[in-house]
Amino acid sequence: MKTDIENKLIDKNTKPTSMRILVYDFLSSQEAALSLSEIENHFENADRTTIYRTLKTFEEKGIVHSIQENTTTKYKLCHDGCDEQTHKDWHLHFYCKICKQTTCKEDISFPENVQTHFRIDEIRLFAKGICENCLESLQ
């Protein structure tokens with residue numbers, strides 16, 4: 001598994017340091033987007049600044065996309081199609097008011113091939129509500 005992560009990082013022009021491998025591995029096991037604090041809590045002995053720099057490098061290289069949620073930024077791994085120039089992050093980010101999790105709803109997206117007379121570099125689709133799991137438990 002470590003070699004797979006190393007290769008993915010190298011493919012994104014990112015040096016595979018120990019911390020980068022650990023953060024990538026942790027994020028790949030998560031369903032929901034996570035804040036810096038949530039990631040930091042998983043790595044008890046790691047330096048907050050190192051984790052933050054890792055996330056910023058990942059964002060610059062198209063490895064993670066950031067989701068602005070009120071005053072908090074959360075991070076989720078990108079698909080392989082993202083790179084340093086383009087994040088293909090044109091899907092809905094959904095925040096559940098009950099379980100407080102932010103997830104990517106890739107079945108709800110803005111079409112990438114829209115013909116315009118201007119260039120779209122970034123779209124941020126964000127919704128708040130109650131996720132399917134919490135909604136089911138309410139019934």
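Trainee: Which strands does helix 2 lie across, and at what angle to strand 3 does it run?

Mentor: Helix 2, residues 18–28, lies across strand 1, strand 2 and strand 3, and its angle to strand 3 is about 85°. Contact here means heavy atoms within 4.5 Å. The axes are lines fitted to C-alpha atoms, for helices over the stretch in contact, and angles run from 0 to 180 degrees between N-to-C directions. Helices (H or I, at least four residues) and strands (E, at least two) are DSSP runs numbered from the N terminus.

Trainee: On what kind of model do these values rest?

Mentor: This is a predicted model, in which local features need pLDDT of at least 70 and side-chain atom pairs count only at pLDDT 80 or more, while totals for chains, interfaces and linings use all residues. Residues are numbered from 1 along each chain as its sequence is written, and side-chain values use heavy atoms, with hydrogens and water left out.

Trainee: What makes strand 1 and strand 3 a pair?

Mentor: Two strands pair if DSSP finds at least two bridges between them. Strand 1 and strand 3 (residues 72–77) have 2 bridges, in the antiparallel sense, so the requirement of at least two is met. Within this pairing, Leu34 stands opposite Tyr75 in strand 3. The open sheet has 3 strands in the order 1-3-2, with antiparallel pairing.

Trainee: Why are strand 1 and strand 2 called edge strands?

Mentor: Strand 1 (34–35) and strand 2 (64–69) each pair on one side only. Strand 2 pairs with strand 3 in the antiparallel sense over 6 bridges, and Val64 stands opposite Leu77 in strand 3. Strand 2 and strand 3 form a hairpin with 2 residues between them, and Asn70 in the turn has a positive phi of about 55°.

Trainee: How many residues of strand 2 are buried?

Mentor: Strand 2 is mostly covered, with 5 of its 6 residues buried. Buried means under 20% relative accessible area, exposed over 50%, and partly exposed in between (1.4 Å probe, protein chains only).

Trainee: What makes helix 2 roughly perpendicular to helix 4?

Mentor: The two helices pack at an angle of about 70°, with their axes 10 Å apart. Angles under 35 degrees count as roughly parallel, over 145 as roughly antiparallel, 65 to 115 as roughly perpendicular and the rest as oblique. The angle therefore makes helix 2 roughly perpendicular to helix 4.

Trainee: Which residues of helix 2 meet helix 4?

Mentor: Met19, Arg20, Val23, Tyr24 and Leu27 in helix 2 meet Thr50, Ile51, Thr54, Leu55, Thr57 and Phe58 in helix 4. By class, this contact has 7 nonpolar, 3 polar and 1 charged residues. Ala, Val, Leu, Ile, Met, Phe, Trp, Tyr, Cys and Pro count as nonpolar, Asp, Glu, Lys and Arg as charged, and the others, Gly among them, as polar.

Trainee: Why is the pair of Tyr24 and Phe58 called edge-to-face?

Mentor: Rings of Phe, Tyr and Trp (its six-membered ring) pair if their centres lie within 6.5 Å; planes under 30 degrees apart count as stacked, over 60 as edge-to-face and the rest as tilted. Tyr24 and Phe58 are 6.4 Å apart centre to centre, with 75° between the planes, so both conditions for an edge-to-face pair are met. Tyr24 is in helix 2 and Phe58 in helix 4 (residues 48–60), 34 residues apart. Both Tyr24 and Phe58 are buried.

Trainee: What makes Phe26 and Phe43 an edge-to-face pair?

Mentor: Their ring centres are 5.7 Å apart and their planes stand at 75°, so this pair is edge-to-face. Phe26 lies in helix 2 and Phe43 in the loop between helix 3 (36–42) and helix 4, so the pair ties together parts 17 residues apart in sequence. The count by this rule comes to 2 aromatic pairs.

Trainee: How do you know that Phe26 is buried?

Mentor: The relative accessible area of Phe26 is 12%, so Phe26 is buried. Phe43 also counts as buried, at 12% relative accessibility.

Trainee: Is Asn13 buried or exposed, and why?

Mentor: Asn13 has a relative accessible area of 55% and is therefore exposed. Asn13 is in the loop between helix 1 and helix 2, and its phi is near 55°, a positive value in a residue other than glycine.

Trainee: Why is Lys100 called partly exposed?

Mentor: Lys100 has a relative accessible area of 47%, so Lys100 is partly exposed. Lys100 lies in the loop between strand 4 (91–96) and strand 5 (102–109).
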